[in-house]
Amino acid sequence: MNAKKCLALLLSACMAASVLAGCKQGGGSSSSSDSGNDTTSGGIIWIDPDFGADDDDASHNQPKEYTVKVEGLGENGKIDSDNPMTVKRGENVTFTITANTGYYIQSIRIDGDELALNVKDKVKSYKVTLQGVSANRTVTVNLAELTYTVTAKVEGEGGTVSPSNVEVQEGEDTTIIITRDNTYDVQSVRVNDQSVTPVEDTSNRFQSNYTFTVTSNADIIVTFKQSAINGDPDLVASADAKKEYNVGDSFDFTGLAVKTTYQNGDTVETALTADNAKVEPSELNGDVKEVKITYDGKTFSFTIAVKATESQYGSSKYLTETDFEKLGSALAGRAAELQLNTGNDKSIQRLIADPNTASKNLKNAGYKVNFQPCSGDSISEVLTNIKEVAKPIFGTYTDLYMSVNDGEDGRIICIVYIISKA
């Protein structure tokens, strides 16, 4: 090749190369990556090191052709031209290598000469220019999986989100599971500061999920809010709740709870205890048919039955020692004089156990008896009635007995027996 022709080719190559990468004289190679703010593509220029090598003039009388072959793409990438490409000696060839979704271009080598790529940004596409092709060239491309980081977190309280951190290949779908706590609702879900709507899980009403295709790093933030209360709370009683008491028993909160229902259908049951609730009346006697339970400023009614235990005061199912003291006072002390000894004679208790045969049984046993009804709706009323029925005649008898039984609609059925030996 004559000197003028060689110089012209070299200048031509340098001028073309200088636009993108500058010209490196002396036959070496040069490369550059220019992606600016766009990390999806870049540009590379490679100067054939054999370009401009001295040859005899005869070898350049007819242009000689070479092939440029791209390898390593497989099914995960492509180029925008024929492969291999045919290039005349000393000419340039330009083609674009593009990685498919889920991959990026990790390295490019030309006959073992590795080009400087923008590896940090995991570029997916490079425009490659080979200048002054002077031999058959093999371009080897190495593709790697392109993954992005998906992070998720909860701001505040009220639930959880998972997974909190996961690597996902580009183009793949990922699902974020959102689990709310009882009485909370999902308030917002934001992906890279964009609001999205999760889908409720039909098999678990406390869960919802959001599925999306990953195309970049994603930051997910979930917030929850407390659901509003729906109506007033209710008093609920389990099978363990005690409903039958004896006179003098303390109220038992076991099995009782306050149930609060929220607008989203969630419920909370708070067990009642002597520490968090108050009951009235505190003294259980035969007059008590229901109690008032106060919890958190709200009052609930609970129906119970209160019965007296058998005691020294005979067959009474309601009357206690205190009641007999009231009776003694009602009878102006005369009851004490009568000794109220109904529990001291079991034989008499047996004789009056059945009100239908009590009078006959007492007479057959040799007792003189006067019996009077003293029923009422409450113990207080019964005591008043006893005073009225016993007062006219108690002076002629020695003992006062009574039989007390349940009547209809909670009424107390009472019969007074004023007894002496015949």
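Which residue in S15 is the bridge partner of arginine 190? To follow this tour, note that the model is predicted, that local features need pLDDT of at least 70 and side-chain atom pairs pLDDT 80 or more, while totals for chains, interfaces and linings use all residues. Residues are numbered from 1 along each chain as its sequence is written, and side-chain values use heavy atoms, with hydrogens and water left out.

Select arginine 190 and serine 195: serine 195, in S15, is the partner sought. Strands here are DSSP runs of E of at least two residues, numbered from the N terminus. Next, display residues 184-191, which form strand S14; this strand runs antiparallel to S15 and is joined to it by 3 bridges. Two strands pair if DSSP finds at least two bridges between them.

Widen the selection to the open sheet of 5 strands, ordered S12-S10-S18-S14-S15 with mixed pairing. Its edge strands, each pairing on one side only, are S12 (165-169) and S15 (194-196).

Now turn to the aromatic rings. Select Tyr245, Phe251, Phe253 and Phe302, which ring pairs link into a cluster. Rings of Phe, Tyr and Trp (its six-membered ring) pair if their centres lie within 6.5 Å; planes under 30 degrees apart count as stacked, over 60 as edge-to-face and the rest as tilted. The whole structure holds 4 aromatic pairs. In one of them, the ring centres of phenylalanine 251 and phenylalanine 253 are 5.1 Å apart and the planes lie at 80 degrees, so this pair is edge-to-face. Phenylalanine 251 also forms an edge-to-face pair with phenylalanine 302, at 6.4 Å centre to centre and 85 degrees between the planes.

Note on methods
Helix = DSSP H or I, 4+ residues; strand = E, 2+ residues; numbered from the N terminus.
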